[in-house]
Amino acid sequence: MKVLVLVDGEHYPPVTRWALETARSRGLEPVAALFLGGTEKLRPGEDLELGLPLIQADGDLTAALARALDGLDRGAIEAVLDVSDEPVLGYRERMELVAVALVRGLPYVGGDFRFDPPIDGPPLSVATIAVIGTGKRTGKTAAAGEVARTALAGGMTPIVVAMGRGGPPRPQVAEAGSVTLERLLQLVRSGRHAASDYLEDAVTTGVTTIGARRAGGGLAGRPVATNAREAAELAVGLGAGVVVLEGSGASVPPVPWDAGVLLTSAALAEKNLTEYLGPYRLLLSDLVVVTMGHSPAGRRISSSENFSVLRSHVKRLRGDARLIVADLHPQPLGDVEGKDVFFTTTAPGPVADRQARSLEANHGCRVVGLSARLADRAGLARDMDGAGGYEVLLTELKAAAVDVACERAIARGADVVFVDNRPVAVDGELNLGEALRWTIGLAIERHAARRGSEQA
């Protein structure tokens with residue numbers, strides 16, 4: 001396997017040459033070296049004399065590796081071999097270099113580790129957009145729904161492929177308009193999961209969706225097992241004009257895409273984008289959306305010093321990415337004006353309180369009960385069993401929405417209205433609609449260019 005070797009001046013040159021010979025004995029073929037810096041073990045003017053083309057990393061090491069890989073002929077390098085060490089390369093810096101290799105489809109190998117690209121196989125034959133996240137509860141489903149609605153309004157035929165931990169054993173199609181409360185209750189009563197993301201997408205978007213499942217998730221987002229590719233290929237077979245791939249937690253669909261949208265929560269955005277393999281997810285994305293963009297006191301997150309650091313990090317790693325701060329606004333999918341409602345959500349307490357106030361102000365209902373424990377079945381049951389009277393259950397279609405919340409509301413004679421969380425930009429370079437139209441257009445352009453190059 002042909003490798004680009006990362007070396008430093010904190011090893012004596014004979015030791016570095018010995019490491020290269022050891023690599024050769026293990027089936028690796030160094031074809032060039034990138035010198036990352038360090039001078040402790042180098043005499044003034046001493047050359048490493050590695051017998052390889054030597055590339056100097058001037059300045060930002062992450063950018064230097066990107067330039068080195070992009071400057072080599074395609075196919076000349078099959079992996080990156082790291083024989084460097086701290087203090088030249090610390091933990092965070094190394095993970096950024098891993099991200100640079102993975103986003104180019106190259107394994108990154110070291111003394112006791114190997115990272116393989118989570119995304120592999122051929123791209124789909126239609127334009128593909130991925131909506132991924134830095135973790136759970138970042139707003140991926142809300143954003144994927146908005147992408148689908150925007151594409152539909154633009155005259156396209158989108159199909160959403162949602163990969164989730166509660167997805168079906170074989171890809172399951174939910175045709176537009178086919179998912180009703182009665183169908184969801186039937187799924188629960190037959191022992192199946194009725195709040196999988198693809199069902200929520202079908203209820204909220206008005207487009208056809210396909211459910212896939214995944215188990216486990218690697219540091220870079222590769223599931224241990226998933227049927228997402230089978231689901232994506234099914235979407236193409238059903239006539240999708242554009243496929244919207246929805247990630248799960250911090251896991252990414254292992255199918256190549258043409259444009260990416262990354263969701264992260266404001267509370268954890270800096271940590272999740274700068275540490276571990278958050279930089280990899282950032283490098284995969286054209287649009288970054290920071291959700292829950294207000295503090296509980298109502299202050300915009302984008303006005304904080306930490307957000308300035310985050311913006312600088314995004315621009316440094318992915319200078320052409322667009323960055324938007326958004327809030328998720330609850331949108332009832334039925335009329336609740338003048339009604340007493342019990343509201344259930346997965347949002348944390350302060351955010352749930354703000355959503356309740358939004359429902360009252362914008363939709364004319366009275367929130368007489370609230371549970372932010374939709375993802376905690378036992379806690380949700382206690383909250384609902386102890387609630388006073390209400391006419392309507394307003395609930396997100398997540399977690400225990402059907403088997404706990406809907407069943408209890410119906411038993412009390414209340415109506416059920418599902419709530420969609422609609423992302424609304426509160427700050428950024430574009431409003432959300434413009435940003436999503438730009439991202440969709442980017443996917444279509446890249447797909448057309450890819451198809452053109454394949455046919456040339």
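Helix 12 and helix 13 are roughly parallel to each other, because the angle at which their axes cross falls under the limit of 35 degrees. In this predicted model, the axes of helix 12, which spans residues 377-385, and helix 13 come within 10 Å and cross at roughly 15 degrees, and the crossing by which helix 12 passes helix 13 is right-handed. On the side of helix 12 the contact is made by R377, L380, A381, M384 and D385, and on the side of helix 13 by D403, V404, A405, R408 and A409. Divided by class, the residues of this contact comprise six nonpolar and four charged, with no polar residue.

A second helix pair is formed by helix 4 (residues 140-153) and helix 6 (residues 197-205), which pack with their axes 10 Å apart and at an angle of about 40 degrees. Helix 4 and helix 6 are therefore oblique to each other, and their crossing is right-handed. In this pair, T141, G145, A148, R149 and L152 of helix 4 meet D197, E200, D201, T204 and T205 of helix 6. The contact of helix 4 with helix 6 contains two nonpolar, four polar and four charged residues.

Turning to the strands, pairing within a sheet takes place through backbone hydrogen bonds and may be either parallel or antiparallel. One open sheet of the model consists of six strands in the order 3-2-1-4-5-6, and its pairing is mixed. The edges of this sheet are strand 3 and strand 6 (114-115), each of which pairs on one side only. Strand 6 is joined by two bridges to strand 5 (residues 108-109), and these two strands run antiparallel; here V109 stands opposite R114 of strand 6.

Strand 8 (residues 158-164) is mostly covered, with seven of its seven residues buried. The burial extends to both faces of strand 8, since P158, V160, A162 and G164 on one side are all buried, as are I159, V161 and M163 on the other. Strand 8 pairs in the parallel sense with strand 12 (residues 242-246) over five bridges, and V160 stands opposite V244 of strand 12. Five bridges likewise join strand 8 to strand 10 (residues 209-215), and these strands run parallel, with M163 standing opposite A212 of strand 10.

Several features of the backbone concern the loops. Most residues other than glycine have a negative phi, and most peptide bonds are trans. Against this background, E49 has a positive phi of about 50 degrees although it is not a glycine, and it is placed in the loop between strand 2 (29-35) and strand 3 (54-56). With a relative accessibility of 55%, E49 counts as exposed, because the exposed class begins over 50%. A399, likewise a residue other than glycine, has a positive phi near 45 degrees and lies in the loop between strand 18 (392-396) and helix 13 (401-411). The relative accessibility of A399 is 19%, and A399 therefore counts as buried, the buried class being defined as under 20%. A cis peptide bond, with omega about 15 degrees, joins E86 and P87, and P87 is found in the loop between strand 4 (79-82) and helix 3 (91-103).

Terms used: Residues numbered from 1 in each chain as written. Predicted model: local features only at pLDDT ≥ 70, side-chain atom pairs only at ≥ 80, totals over all residues. Heavy atoms only, no water. Helix = DSSP H or I, 4+ residues; strand = E, 2+ residues; numbered from the N terminus. Buried < 20%, exposed > 50% of the residue type's maximum accessible area, 1.4 Å probe, protein only. Axes fitted to C-alpha atoms, helices over the stretch in contact; angles between N-to-C directions. Parallel < 35°, antiparallel > 145°, perpendicular 65-115°, else oblique. Left-handed = near helix turned anticlockwise from the far one by under 90°. Contact = heavy atoms within 4.5 Å. Nonpolar A, V, L, I, M, F, W, Y, C, P; charged D, E, K, R; others polar. Pairing = 2+ DSSP bridges.
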